[in-house]
Amino acid sequence: MQQVFKKIGTHNGAFHVDEVLACAMLTKYTNEFKNGIITRSRDPEVWAQQDILVDVGGVYDPQTHRYDHHQKEFQQSFSKDFNIRLSSAGLIYKHFGLEIIQNVIAHINATVETTIEIEKVDEKTLNLIYIKLYKNFIQSIDAIDNGINQYPNQEQLKYQINTHLSAVINRFNPIWCEKNQDENAKFHQAVEFVTTELISQVKSIYLGWYPGRCYVVQAFDSRFEQDQSGQIIKLPLALPWKSHVFDIEQERGTVGLIKFVLYPDRNEGWRVQAVSANEDSFENRKSLKSEWRGVKDIEQLRAISGINDIVFVHASGFIGGAKSYENTLKMAKISLE
């Protein structure tokens, strides 16, 4: 029996990253439109023959798979937590994003070996990844396509961004003086390029952010094992933890609780690091003791602190370390006092 592929329509002429990414997501990682045939046209009769239409047609209707965002009355955003109008990429992601992520993760699991076992993604975690990928990746494409300034309160633009994905995909369009003006060939090259970027973005979250979050959640839940104050957490290995602490505190209604994070150094010994006041701040919620900060002579530092295997304390008090876990924990407890 001959396989029938779905028809995917978008506009011809110069293309942008939003419809390129929309078509990439549909043809590569949706169940219904995988390997679909892309037709680029501005002819309404051609549009009517398509199973799904993106970035053209003047209609937004998920029931009939019409996903344009150019009409004046269109004001859709990803959710109430985001106030940026969707582009065609955001529209496809909003309606198909969960299955796209599941299918990309299946691809990653089949092609990438890891040094740790990645926990199976449940429904709650899938939704977290769905929101995270929009915030980290798709949202900027929506914003740029809708002409939203990255710094809307800045009076004068100090620099231009020429290396973001939107600018990269624009360069796939034929240059005006090129003899070969085959837009369709260039469009399909761009689809392959953004597919690689999509996989990379999901991979970063799934293999980096997600397992890191699992470790930090476990550390947060067992925080009273470190200190009765519950303000110190211990991680079993060094990993990016900062955003997870802020997210988990927000979810648990304990914003500002965690003051220090302990983790093993990649070489030897342990580190104690202060938690910032917020994600964008260099100010610590609580710093390591002022008397220890910036003392270069290790014997002097040990004499001042009374900790016999202390190794260093940064001059700003944001990080320090000792050879043993017990004394690294002691550094944090003393600094809490």
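## A negative patch

Welcome to this predicted model. Glu117, Glu119, Asp122 and Glu123 form a negative patch on the surface.

Asp122 is a good residue to find by eye: look in the loop that links helix H3 (88-111) and helix H4 (123-145). Is Asp122 buried or partly exposed? Its relative accessibility is 43%, so Asp122 counts as partly exposed.

## An open sheet of five strands

Now turn to an open sheet of 5 strands, where the pairing is mixed. Reading across the sheet, the order is E2-E1-E3-E5-E4. Strand E2 (37-40) and strand E4 (60-61) each have a single partner strand, so they stand at the edges and one side of each has no neighbour in the sheet.

Within this sheet, strand E1 (residues 7-10) and strand E3 (residues 52-54) run parallel and are joined by 2 bridges. To see one pairing up close, start at Ile8, whose bridge partner in E3 is Ile52.

## Strand E10 and its partners

Further along the chain is strand E10 (residues 319-322), which is covered on both faces. Ile319 and Gly321 are buried on one side, and Gly320 and Ala322 are buried on the other.

Which strands pair with E10? Strand E8 (residues 270-274) runs antiparallel to E10, with 4 bridges between them, and Trp270 sits opposite Ala322. Strand E9 (residues 310-313) is also antiparallel to E10, through 3 bridges, and here Val313 faces Gly320.

E9 and E10 make a hairpin with 5 residues between the strands. In that hairpin, Gly317 adopts a positive phi near 80°.

Key. Residues numbered from 1 in each chain as written. Predicted model: local features only at pLDDT ≥ 70, side-chain atom pairs only at ≥ 80, totals over all residues. Heavy atoms only, no water. Buried < 20%, exposed > 50% of the residue type's maximum accessible area, 1.4 Å probe, protein only. Pairing = 2+ DSSP bridges. Patch = residues over 30% accessible without salt bridge, like charges linked within 9 Å, V, L, I, M, F, W, Y side chains within 5 Å. Areas by Shrake-Rupley, 256 points an atom, 1.4 Å probe, with all protein chains shown as cover. Salt bridge = Lys/Arg side-chain N within 4 Å of Asp/Glu carboxyl O. Lys, Arg positive; Asp, Glu negative; His and termini not counted. Charge placed at Lys NZ, Arg CZ, Asp CG, Glu CD.
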